Amino acid sequence: MNRRTRREGSSGLRLALACAMALAIGAPIAGDAGRALAESAPEAPAPEVPAQPVEPVEYDVVFDVGIVPSEKSAHVRIDLSPAGGKVVRWIRFSFDPLRYRAIEASGKLEEVEGGMLWTPPERGGFLRYVFDIDHLRGDRTYDSRCAKKWAILRGEDLVPRTRISTADGATSKSVLRLRLPEGWSAAVPYESVGRGRYALDNERTNFDRPGGWFAFGKLGVLRERISGTQIAVAGPAGQGVRRMDLLAMLKWTLPSVKEVFGELPDRLQLVVAGDPMWRGGLSGPNSLYLHAGLPLIASDGSSAPLHEIMHTIMHARSGDGGQWIVEGIAEYYSIALLRRSGTITARRYQRAIDGVRKRAQPESASLSTPMNGALRARAVLLMMEVDDLVRDATAGAKSLDDVVRSLRSADDVVTPEHFRRTVARVAGRDLDAFFDRLRR
Ligand SMILES: [Zn+2]
């Protein structure tokens with residue numbers, strides 16, 4: 001996980017910003033059936049490889065979630081339809097015993113290393129458990145929290161990572177159903193399909209489970225369509241969440257973000273809260289979390305909201321040694337997008353970059369050390385250098401934007417080697433001198 005610490009002159013807060021795309025997207029989630037089978041299918045012989053393309057089979061799954069503030073918990077029930085019972089052989093849930101309890105299911109439930117293995121009945125069935133919402137990230141600050149009047153948590157914690165073995169071509173049609181206390185409302189980054197129900201759709205997986213940043217309770221929520229994206233800025237009422245400021249910033253910067261990626265997700269939800277929530281920013285699928293005390297633009301010229309938006313839209317996870325790449329891109333664009341959108345002047349942009357140069361770690365230092373301000377600053381400079389090199393190699397036809405777009409669509413973990421190959425493909429030639437220098 002990427003972590004940053006910064007000191008805010010204006011607020012006096014020492015704010016940490018972590019970029020947790022790795023957690024948010026997770027390792028290959030709900031999996032491809034073949035891989036899961038190869039791994040550990042109990043009593044399930046690997047099927048013959050079919051000669052014909054397999055007809056897709058959809059089966060219904062309902063994730064029923066009740067929030068119980070008096071217990072600071074969520075009661076979760078996963079219902080698998082009869083059609084699902086026929087095609088799902090087993091699902092393995094990575095239950096952490098510290099956060100999930102009272103796990104019960106119809107069919108067979110066995111404890112396995114790192115979780116529970118559920119073999120549902122052939123007619124379909126249920127698995128239910130209690131999820132303890134509160135989770136500390138710092139000494140006294142939370143990245144998941146249930147208070148009296150609100151709760152903020154990530155969907156991928158509510159239902160932990162799974163692996164699944166199904167018949168070929170089987171894919172879930174998942175729905176999230178929320179049961180909230182009287183007077184509470186919900187903000188989730190999904191399309192509402194009526195009466196507290198939301199369609200969970202993730203093209204990357206064949207077992208769609210909840211994901212992204214959720215807010216429940218007495219909320220203030222602003223919704224608006226900007227650059228074709230349905231934006232929601234949500235936060236507990238009465239916590240000084242500056243929803244209008246954030247919305248205004250998105251209004252004038254999202255068009256520039258769209259120019260980088262060529263397209264934006266259908267929806268983007270910003271969940272914002274004050275203490276005792278964690279004093280930083282965290283990205284997730286189609287959503288992000290920000291502490292209410294973070295400025296929109298810091299005194300060093302970078303922007304926490306834009307930094308997290310870059311992570312969210314790239315959905316890039318860093319692989320071995322690739323953290324500086326993912327962080328460098330997010331941080332570079334958090335400054336560059338302010339310039340491109342006309343939010344800051346060329347002079348102020350130059351000042352921000354001068355500051356980055358002053359803070360950057362020396363060239364002799366390793367890029368694989370844990371993320372800190374100096375490494376992040378150096379990574380920004382390296383991204384600027386890649387931008388120049390790609391522009392030179394293509395006579396201005398391509399830039400770092402094309403590299404970022406390519407990294408996004410690759411849906412792969414970002415490693416130095418992967419980055420090097422992507423840059424070479426975009427530039428039309430190897431940039432060996434640059435990458436060899438980094439290895440030293
Ligand atoms: Zn980051």
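This report describes the nonpolar core, one kinked helix, one buried loop residue and a set of paired strands in a predicted model.

**The core and helix 7**

The largest nonpolar core holds 107 residues, and among these A215, V271, I329 and Y333 touch the most other members. Helix 7, which spans residues 323–340, supplies the largest share of this core with 11 residues. The core also draws on two domains, taking at least three residues from each of domain 1 (2–48 + 58–314) and domain 2 (317–439). If neighbours within four places in sequence are left aside, I329 is in contact with M310, M314, M383 and V404.

**Helix 5**

Helix 5 covers residues 243–261 and has a kink of about 45 degrees at T253, shortly before the proline P255. T253 is also one of the buried residues of this helix, and the others are L246, M249, L250, L254, V257 and V260. The buried residues of helix 5 pack against strand 19 (219–226), strand 20 (229–236) and strand 21 (267–273), and they also pack against helix 6 (304–314), helix 7 and helix 10 (400–410). After helix 5 comes G262, whose phi is positive, near 85 degrees.

**A buried residue in a loop**

Is N286, a loop residue, buried or exposed? N286 lies in the loop between strand 22 (281–284) and strand 23 (287–291), and it is buried because 23 other C-beta atoms lie within 10 Å, where 20 or more are needed for a residue to count as buried. Its contacts, again leaving aside neighbours within four places in sequence, are P189, G212, P265, R267, L268, Q269 and T312. For P265, which is 21 residues away from N286 along the chain, the C-alpha atoms of the two residues are separated by 6.9 Å.

**Strand 11 and its partners**

Strand 11 (residues 142–146) is largely enclosed by the rest of the structure, because 5 of its 5 residues are buried. Strand 11 pairs in the antiparallel sense with strand 10 (residues 135–136) and with strand 12 (residues 150–154), and the table sets out these two pairings.

| Strands | Bridges | Residues in the hairpin link | A facing pair |
|---|---|---|---|
| strand 10 and strand 11 | 2 bridges | 5 residues | L136 and Y142 |
| strand 11 and strand 12 | 2 bridges | 3 residues | R145 and I152 |

Strand 11 therefore takes part in a hairpin with strand 10 and in a hairpin with strand 12, while its own residues are buried.

Technical notes. Residues are numbered from 1 along each chain as its sequence is written. This is a predicted model: local features need pLDDT of at least 70, side-chain atom pairs count only at pLDDT 80 or more; totals for chains, interfaces and linings use all residues. A nonpolar core is a set of buried Ala, Val, Leu, Ile, Met, Phe, Trp, Tyr and Cys residues joined through C-beta atoms within 7 Å. A residue is buried if 20 or more other C-beta atoms lie within 10 Å of its own, exposed if 12 or fewer, and partly exposed in between; C-beta atoms are placed from the backbone. Helices (H or I, at least four residues) and strands (E, at least two) are DSSP runs, numbered from the N terminus. Domain bounds come from an automatic or database domain assignment. Two residues are in contact if their C-beta atoms, placed from the backbone, lie within 7 Å. The bend at a residue is the angle between axes fitted to the seven residues ending there and the seven starting there. Two strands pair if DSSP finds at least two bridges between them.
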